[in-house]
Amino acid sequence: SSSSSSAAPASAAAVAWPRARWNHSAVVWQDQMYIFGGVSVAEGHGQSLGPGRVLSTSRAHTEYLNDCWAFSLRTQTWSAVASPANANRPPPRGAHTAVLTAAGRMIVHGGSHEGGYHGDVWQLDLPTGLWTCLSTHCRGAVPHARNWHAAALWAEQHQLVVFGGYWWDPDTHKEHYANDLWLFDLEKHVWQMLSHSSQGGSGSTAPLARNRATLTPLPPPPPP
């Protein structure tokens with residue numbers, strides 16, 4: 001007698017995909033979009049709706065992330081951005097900012113985490129995946145740690161511009177909206193305050209304190 005059997009179909013290869021998240025940052029360099037950090041539903045506390053989609057069953061079970069992923073705009077596929085072994089990387093965070101330099105360096109500032117706020121500045125070299133903390137040895141005054149602020153790159157001066165946001169006052173144990181304006185020199189690693197937080201508004205030269213604002217650099221005016 002003879003017997004026959006049919007081979008089970010080969011399982012599809014696992015597809016790399018970042019966890020569903022919110023409050024992350026994104027920049028586009030060359031033909032790829034890079035996302036970093038954010039907040040996600042903690043493992044075991046969400047209902048999967050397919051790759052990259054999850055239905056939260058409890059907002060109390062969330063987790064801050066510090067992973068970085070690249071999405072190819074050409075092939076429409078995801079890939080994890082790998083860092084060198086034992087290399088430093090930013091602590092997990094959400095509601096931070098990220099800007100991009102022409103040389104392919106993503107500059108991350110601030111954000112919040114489970115224990116409070118971040119005030120550090122990190123640089124990710126996108127071609128190599130190497131993270132560097134730029135604010136480790138800052139001298140002089142530094143801005144309050146904050147989240148939901150606005151940031152932009154002043155490319156001509158190699159400076160990061162930071163405005164407003166939400167910060168925690170350790171003296172009063174209260175949270176405050178901000179309208180201060182700061183520059184961070186990406187070469188000298190020094191902060192410079194251009195305007196401090198104030199009441200702002202009517203009769204003032206400063207806008208009202210706020211968070212979730214936008215900040216857009218304008219090109220220099222053409223020569224006369």
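Six aromatic pairs occur in the structure, which is a predicted model. Two of them are set out below.

| Pair | Centre to centre | Angle between planes | Class |
|---|---|---|---|
| Phe-36 and Trp-131 | 5.0 Å | 50° | tilted |
| Phe-71 and Trp-78 | 5.0 Å | 55° | tilted |

The Phe-36 and Trp-131 pair counts as tilted because its planes stand at 50°, and the tilted class covers angles that are neither under 30 degrees nor over 60. Phe-36 belongs to strand E2 (residues 32-41) and Trp-131 to strand E12 (residues 130-133), so this contact ties together parts that lie 95 residues apart in sequence. Phe-36 has a relative accessible area of 0% and is buried. Trp-131 is also buried, at 4% relative accessibility. Ring pairs join Phe-36 and Trp-131 with Trp-122 in a cluster.

In the other tabulated pair, both Phe-71 and Trp-78 are buried.

A contact of another kind involves Trp-148: the charged end of Arg-212 sits over its ring, 3.9 Å from the ring centre.

Strand E12, which carries Trp-131, is also part of an open sheet of four strands, ordered E7-E8-E11-E12 with antiparallel pairing. Strands E7 (97-100) and E12 are at the edges; each has a single partner strand, so one side of each is without a neighbour in the sheet. From one strand to the next, the twist averages 20°.

At the E7 edge, four bridges connect E7 to strand E8 (residues 105-109), and the two run antiparallel. Val-99 has Ile-107 in E8 as its bridge partner.

Key
Residues numbered from 1 in each chain as written. Predicted model: local features only at pLDDT ≥ 70, side-chain atom pairs only at ≥ 80, totals over all residues. Heavy atoms only, no water. Phe/Tyr/Trp six-rings, centres within 6.5 Å; stacked < 30°, edge-to-face > 60°. Buried < 20%, exposed > 50% of the residue type's maximum accessible area, 1.4 Å probe, protein only. Lys NZ or Arg CZ within 6 Å of the ring centre and 35° of its normal. Pairing = 2+ DSSP bridges. Axes fitted to C-alpha atoms, helices over the stretch in contact; angles between N-to-C directions.
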